[in-house]
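Welcome! Here is a friendly briefing to read alongside the model. Keep the sequence and the 3D view open as you go.

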Amino acid sequence: MDDLDLERLRVPLPMPAAPEGFRSGFACFVGRPNVGKSTLMNALVGQKVAITSSRPQTTRRTVRGIVHRDDAQLIVVDTPGLHKPRTLLGERLDSLVRSTLVEVDVIGFCVPANEPIGRGDTYIARELAEQHNTPVVALVTKTDTADRSQITEQLLAVSQLGAWADVVPVSAESGYQVDTVTDVLCGHLPEGPPLYPEGDLTDEPDAMLVAELVREASLEGVRDELPHSIAVVVDEMSERRDREPGNELIDIYASLYVERSSQKAIVIGSKGARLRDVGSRARAQIEALLGAKVFLDLRVRVAKDWQRDPKQLRRLGFDQQT
Ligand SMILES: Nc1nc2c(ncn2[C@@H]2O[C@H](COP(=O)(O)OP(=O)(O)OP(=O)(O)O)[C@@H](O)[C@H]2O)c(=O)[nH]1
């Protein structure tokens, strides 16, 4: 290769041209635990990229869901930052404000339509009001659970909590105004080219999504502190060889960790019935995600007090999380 060629290689390639007026950027949803942030993200993306449950503090990881439109690409960041016990709220919010909130282009502040505004909401609202450089859209979620007058009252109450760029009622469950939320959030994005390839719905690797789906299935029906003690790791995931096209089978070996042997017995259930049930519900979701048949092998293991043990935490994939 002569000098001329080398020179040519140093010329930066032009960025792929985006259609005129295309917008792209990041939004994040904040709000008290259980207000429907993950469910709303899934509804916007049109596919389940974050697990949800009726238990507060389900979200442990930062998941990015990607919404593709002809005129915009919106990346929604679902953070676990505010899903903390009240005593840690201030600390976590501070770190969230410093990290996620300052990085996104628009913030969605979620308040459910069916619950009175509480101290948690007003506290978050006050902190958000100080985000002078980032527009905040207030979202009154779960409108399917409230009647018309309740929704109107809540819209008014939320409007009075701060100077929001918009206030939008939405139901992720019924689909009411989900597109409007996308429109409003996209309206606050800067002009720029798409940031992720077309068709990508999340930046989470498949193994992580699979582990989360197993964890979601395992949360159903367990009580007290057990949900917080469950962690799931996919040990192996591979496509079985020599299968006919259209008849693919993926073998998945996953471990479900609990903190004590008494919890192991609960998760497994009488004669293994509960674990089988968790396995079949998780398998159905995983097959839908991967678009192939799945053989799922679930083992329950004890990782003593993993929530308090930095080494175990690292092994379970929480080294940079929560
Ligand atoms: N009826 C109804 N229920 C909803 C709606 N959105 C969410 N939910 C339910 O509310 C519960 C909490 O939803 P999530 O999406 O997990 O809430 P979250 O704010 O992400 O929760 P954390 O991860 O705990 O912070 C789940 O049981 C959802 O099914 C909605 O629009 N309508």
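**How sure is the predictor?**

This is a predicted model, and the mean pLDDT of the protein is 82, with 82% of its residues at 70 or more. Some stretches score lower, and the points below begin with those before turning to the cores, a helix, a sheet and two lysines.

**Confidence**

- Residues 1–15 have a pLDDT that stays under 50, and the model gives them 2 contacts beyond four places in sequence.
- Residues 83–90 also have a pLDDT below 50; this stretch makes 7 contacts in the model beyond near neighbours in sequence.
- For the complex, the predictor gives an ipTM of 0.97 and a pTM of 0.71.

**The nonpolar cores**

- In soluble globular proteins, nonpolar side chains tend to be buried together.
- In this model the largest nonpolar core has 43 residues, and Ile107, Phe109 and Leu139 have the most contacts inside it.
- Both strands and helices contribute: β1 (23–30), α2 (37–45), β3 (72–78), β4 (106–112), α4 (119–129), β5 (136–141) and α6 (178–187) each supply at least two residues of this core.
- A second, separate core has 24 residues, among them Ala231, Leu256, Val258 and Val294.
- To explore the largest core, try clicking on Phe109: leaving aside neighbours within four places in sequence, its contacts include Ile124, Ala125, Leu128, Val136, Ala138 and Leu139. Phe109 is also in contact with Val30 and Gly31.

**Helix α7**

- Helix α7 covers residues 206–219, which makes 14 residues.
- From its first C-alpha to its last, α7 reaches 20 Å, close to the 20 Å expected at 1.5 Å a residue.
- Is α7 mostly covered or mostly uncovered? It is mostly covered, as 10 of the 14 residues in α7 are buried.
- The buried residues of α7 include nonpolar ones such as Leu209, Val210 and Leu213, and also Glu212, Arg215 and Glu216.
- Among the elements that cover the buried residues of α7 are β7 (231–239), β8 (249–258), α9, α10 and β9 (293–302).
- After α7 comes Gly221, which has a positive phi near 85°.

**The sheet beside α7**

- Three strands make an open sheet in the order β7-β8-β9, with mixed pairing.
- Which strands are at the edges? They are β7 and β9, each of which pairs on one side only.
- From one strand to the next, the twist averages 20°.
- β8 and β9 run parallel and are joined by 10 bridges. One pair to look for is Ala254 with its bridge partner in β9, Leu298.
- Two helices lie across strands of this sheet: α7 crosses β7, β8 and β9 at about 130° to β7, while α10 lies across β8 and β9 and runs at about 135° to β9.

**Two lysines with a positive phi**

- Most residues other than glycine have a negative phi, so the next two are worth a look.
- Lys142 has a phi near 60°, a positive value in a residue other than glycine. Lys142 sits in the loop between β5 and α5 (148–159).
- Lys142 counts as buried because it has 24 C-beta neighbours inside 10 Å, and the cut-off for buried is 20 or more.
- Lys271 has a positive phi of about 55° and is not a glycine either. Its place is in the loop between α9 (261–268) and α10 (273–290).
- Lys271 counts as exposed because it has 8 C-beta neighbours inside 10 Å, and the cut-off for exposed is 12 or fewer.

How values were computed:
Residues numbered from 1 in each chain as written. Predicted model: local features only at pLDDT ≥ 70, side-chain atom pairs only at ≥ 80, totals over all residues. pLDDT = per-residue confidence, 0-100. Core = buried A, V, L, I, M, F, W, Y, C linked by C-beta atoms within 7 Å. Helix = DSSP H or I, 4+ residues; strand = E, 2+ residues; numbered from the N terminus. Expected span 1.5 Å × (residues − 1). Pairing = 2+ DSSP bridges. Axes fitted to C-alpha atoms, helices over the stretch in contact; angles between N-to-C directions.
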